[in-house]
Amino acid sequence: MHRNPSSPADFPSAGAPRPHVLTAQPMLYLLVRAHPPASAAAAEGRCEVMCESIAVGSLAGRDAMVVYLSPLEADIDAAWNARSGGHYQVLAVHDFLPDELLRQHRDSLPYCLHIGWGARDGRLAVRRDGGLVRVSAAALAWVSADVEAVRLVVEPFQLESRSRLWEGAGLYAHAEVEAKALTCTEPERRRHAQRAIVRLPGTVAAPPGINQLALYDLESAHWHFVPLSLAQQILSQQED
């Protein structure tokens with residue numbers, strides 16, 4: 001799905017369909033990891049992207065690519081998965097070649113915009129497979145054989161909802177803190193992500209259900225929690 005940009009495989013022969021590219025404004029990020037070393041996919045320099053199954057709505061049952069507005073939040077997920085041997089790398093979406101994934105979905109590409117992590121009573125929820133419970137918004141990007149760019153859309157109401165969620169956690173300077181996170185180098189982000197894992201206030205098995213949305217603040221290096229009922233109210237109001 002992803003190849004080194006210098007690979008000759010990225011330059012199609014005359015008459016061959018050009019590979020698709022992902023675009024997003026504002027920039028989005030995703031997580032990829034290498035295939036097993038002995039596999040043909042690894043020999044071709046391909047990686048697999050983190051996906052998750054959509055649970056509700058018209059896209060229920062489809063596997064969707066997980067995307068993040070914050071590279072730090074992607075790094076936190078990567079750091080958590082590294083505990084069980086999942087070695088993920090954070091990429092900007094425009095650095096990922098999605099054609100292998102597109103072949104699975106044909107004329108569309110489902111994706112999930114990360115909003116926060118599910119929690120219960122001040123502890124982050126962990127699924128049976130060991131992953132953190134991500135709260136996200138599902139969307140669908142349409143793909144055309146005649147157009148190289150596949151546009152991933154973040155709606156204005158989603159950006160506004162994000163700001164209100166952080167304000168609901170008492171974090172009114174989140175925009176400035178997020179801008180600071182974007183200036184961090186990759187090693188700095190990884191250190192911040194490791195600190196976030198160390199600062200986890202605890203975990204709880206899921207299910208049963210969650211009752212909070214967990215957010216990590218870079219400035220205070222602490223986790224903050226929003227009641228799930230408030231988060232649902234904010235998200236539904238903004239979408240309307």
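This is a short tour of four backbone spots in a predicted model, with a suggestion of what to select at each stop.

**Stop one: Q25 and P26.** Select this pair and show the backbone atoms. The peptide bond joining Q25 and P26 is cis, and its omega is about 5°. To place P26 in the fold, colour β1 (21-25) and β2 (29-34): P26 sits in the loop between these strands.

**Stop two: P207 and P208.** Next, pick the two prolines P207 and P208. Which geometry does the peptide bond from P207 to P208 have, cis or trans? Here the bond is cis, with omega near 15°. Follow the chain around P208 and you will find this residue in the loop between β11 (203-205) and β12 (212-217).

**Stop three: D121.** Now turn from omega to phi. D121 is not a glycine, yet its phi is positive, about 55°. Strands β7 (108-120) and β8 (123-126) flank the loop that holds D121. Switch on a surface here: is D121 buried or exposed? Its relative accessibility is 58%, above the 50% cut-off, so D121 counts as exposed.

**Stop four: A221.** Finally, select A221, another residue other than glycine with a positive phi, in this case near 55°. A221 lies in the loop between β12 and β13 (222-227). Keep the surface on and look for A221: its relative accessible area is 4%. Because that value falls under the 20% cut-off, A221 is buried.

For a last view, show D121 and A221 together: D121 is exposed, whereas A221 is buried.

Technical notes: Residues numbered from 1 in each chain as written. Predicted model: local features only at pLDDT ≥ 70, side-chain atom pairs only at ≥ 80, totals over all residues. Heavy atoms only, no water. Helix = DSSP H or I, 4+ residues; strand = E, 2+ residues; numbered from the N terminus. Buried < 20%, exposed > 50% of the residue type's maximum accessible area, 1.4 Å probe, protein only.
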